[in-house]
Amino acid sequence: MLQEFNYLAPKSKNELYTLLKKHAGKSRILAGGTDILVELHNHWIAPANLIDIKKIKELQGITFNDSEGLSIGATTVCIDLINDKNVKQYYPLLADAAGRIGSPQLRNRATIAGNLCTASPCADMGCSLLALGASVELGSADGVRVIPLKDFFTGPKKTQIKPHEVLQRIIVPAEMAGAKYGMRKLKRIKGHDIALVSVAIARTSKVMRAGIGSCAPTPVVTADLSPDAKVARVISAVEQVVSPIDDVRASRDYRLFMTRDFVEKIYPELF
Amino acid sequence: MKIKLTVNGKKYERNASETKNLLHFLREDIGLTGTKEGCGAGECGACTVVMNGKTVNSCLILAVETDGCEIQTIEGEAKDGKLSKLQQAFHKNHAVQCGFCTPGMIMSARALLQANAKPSVEQIKEAIEGNFCRCTGYQQIIEAVQDASGQLKKKEGLTRA
């Protein structure tokens, strides 16, 4: 049995906003639950209210159009992203990244938005969405604000999201549709494991960007590079944004070495 | 909170505690203790059940979230006292040693076979990557799933009893 909390399951966005405002600071949002139930199980958190957002239709689904790009609703789980035809056609990097998360059991349940809100430095969706220049839409009773994902993460497990806000969708710009891409994730074992280093690079005719995970307090992204940038330029741009540490899983030097190695391996795949 | 769900084809209506996960709900409220708790944190897969056709860690889902859902557990495998083909294949291929991971392992294999009647070895490995087994070394489990899908070639050399 977990510690006591009230389970609330609003059916609309407005109902959710009201609950979040009323219980600000005393509630946590429940979507896939693959992180939050672990936190509850281990008594790391003790929210008075757990607000399940899966019944809210407005937060469901993946849509694509030529002007805005891809919209990923807050309750979209990894397997939905992997199987979505627009994602497969226009943003295959996202399907690739989502397929590298956890295990099948977790991919069937874990949400993309939740992966961002947990804000682990090794978030698998972080580096791919950063490379694609994604933004997140935060909603609350006070209104809606859209912020670039690169500004969303503020530290390990920390984001810009306020206690009364919800990450309601992720937006991937239309100009990144059809981007060439490559991704690598270094793990200790072949199966279910978190990244020691992950690198995703996306390239269109106008821009090239690399997102890196597990090499800084948050997932990070390079500045916008020219699509013709040489591999040495990409490596130096990556080195400007990473600051890996020694920890139980890997050393700083090994992480830096593998980051460079991954950029070199991905680079030929971008042309 | 009152919830209605279907477990192994049978409908249940129960008053579920909001703070109880599906795993404990199945074991304590429904009385189906085949599903095991390993880590309780979504790492080991011992608690795997199939929910609406997809494998999930039942330790990471609240019982109240499963209102209206269809759940399959290990107890749904055997019919009239006869093991399912998949269970028989696990038995025959020595894919069970201590047995603790087996209910979850079989549910992952079950969901795979429901979606793909003839999975490749790579697909089998991917399907069970969220299920830890500390005894078998996995090879026998992979062979059992191949056998259950009619794909296991007779082995030369060492024969198994």
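# Domains, helix packing and the chain contact in a predicted model

Chain B of this predicted model is divided into domain 1, residues 2-75, and domain 2, residues 85-148.

Me: How many Å separate the centres of domain 1 and domain 2 of chain B?
Reply: The assignment for chain B places domain 1 at 2-75 and domain 2 at 85-148. Taken over C-alpha atoms, the distance between the centres of these two domains of chain B is 20 Å.

Me: Which element gives the largest share of the side of domain 1 of chain B that touches domain 2 of chain B?
Reply: The contact between the two domains draws 15 residues from domain 1 of chain B and 13 residues from domain 2 of chain B. On the domain 1 side, β3 (48-51) and β4 (54-57) of chain B each supply at least two residues, and by class that side has 6 nonpolar, 7 polar and 2 charged residues. The largest share of it, 3 residues, comes from β3(B).

Me: How are α2(B) and α3(B) oriented to each other, given the angle at which their axes cross?
Reply: Helix α2 (residues 85-92) and helix α3 (residues 102-115) of chain B have axes that come within 10 Å and cross at roughly 125 degrees. An angle counts as roughly perpendicular from 65 to 115 degrees and as roughly antiparallel over 145, and the crossing of this pair falls in neither class, so α2(B) and α3(B) are oblique.

Me: Which residues of α3(B) are met by α2(B), and what is the handedness of the crossing?
Reply: From α2(B), the residues taking part are B:Leu86, B:Gln87 and B:Phe90, and they meet B:Thr102, B:Ile106, B:Ala109, B:Arg110 and B:Leu113 in α3(B). By class, this contact has 5 nonpolar, 2 polar and 1 charged residues. The crossing of α2(B) and α3(B) is right-handed.

Me: How many polar residues has the contact of α2(B) with α5(B)?
Reply: Helix α5 of chain B, residues 139-148, packs with α2(B) at an angle of about 135 degrees, their axes being 8 Å apart, and that makes α2(B) oblique to α5(B). The crossing of these two helices is right-handed. The contact is made by B:Lys85, B:Leu86, B:Ala89, B:Phe90 and B:Lys92 of α2(B), with B:Ala144, B:Asp147 and B:Ala148 on the side of α5(B). By class, it has 5 nonpolar and 3 charged residues, whereas the number of polar residues is none.

Me: Which element gives the most to the side of domain 2 of chain A that touches domain 3 of chain A?
Reply: Chain A is assigned domain 1 (6-51), domain 2 (62-175) and domain 3 (179-270), and the centres of domain 2 and domain 3 of chain A, taken over C-alpha atoms, are separated by 19 Å. Their contact takes 24 residues from domain 2 of chain A and 25 residues from domain 3 of chain A. The elements giving two or more residues to the domain 2 side are α5 (92-98), α8 (124-131) and β8 (153-155) of chain A. With 6 residues, the element that gives the most to this side is α8(A).

Me: What is the handedness of the crossing of α10(A) and α11(A)?
Reply: Helix α10 (residues 231-241) and helix α11 (residues 252-266) of chain A pack at an angle of about 145 degrees, with their axes 10 Å apart. A:Val231, A:Val234, A:Ile235 and A:Val238 of α10(A) make the contact with A:Thr259, A:Arg260, A:Val263 and A:Glu264 of α11(A), and by class it has 5 nonpolar, 1 polar and 2 charged residues. The crossing of α10(A) and α11(A) is right-handed.

Me: How do the residues of the side of chain A that touches chain B divide by class?
Reply: The contact between the chains takes 20 residues from chain A and 24 residues from chain B. On the chain A side, α2 (36-41) and α6 (104-107) of chain A each supply at least two residues. The residues of that side divide into 8 nonpolar, 9 polar and 3 charged.

Me: What are the ipTM and pTM of the model?
Reply: For chain B, the mean pLDDT is 94, and 96% of the residues of chain B reach 70 or more. Where pLDDT is low, predicted coordinates should not be read in detail. The model as a whole scores ipTM 0.93 and pTM 0.94.

Key: Residues are numbered from 1 along each chain as its sequence is written. Chains are lettered from A and ligands numbered from 1 in the order in which they are written. This is a predicted model: local features need pLDDT of at least 70, side-chain atom pairs count only at pLDDT 80 or more; totals for chains, interfaces and linings use all residues. Two residues are in contact if their C-beta atoms, placed from the backbone, lie within 7 Å. Helices (H or I, at least four residues) and strands (E, at least two) are DSSP runs, numbered from the N terminus. Ala, Val, Leu, Ile, Met, Phe, Trp, Tyr, Cys and Pro count as nonpolar, Asp, Glu, Lys and Arg as charged, and the others, Gly among them, as polar. pLDDT is the predictor's confidence in each residue, from 0 to 100. Axes are lines fitted to C-alpha atoms, for helices over the stretch in contact, and angles run from 0 to 180 degrees between N-to-C directions. Angles under 35 degrees count as roughly parallel, over 145 as roughly antiparallel, 65 to 115 as roughly perpendicular and the rest as oblique. A crossing is left-handed if the near helix is turned anticlockwise from the far one by less than a right angle, and right-handed if clockwise. Domain bounds come from an automatic or database domain assignment.
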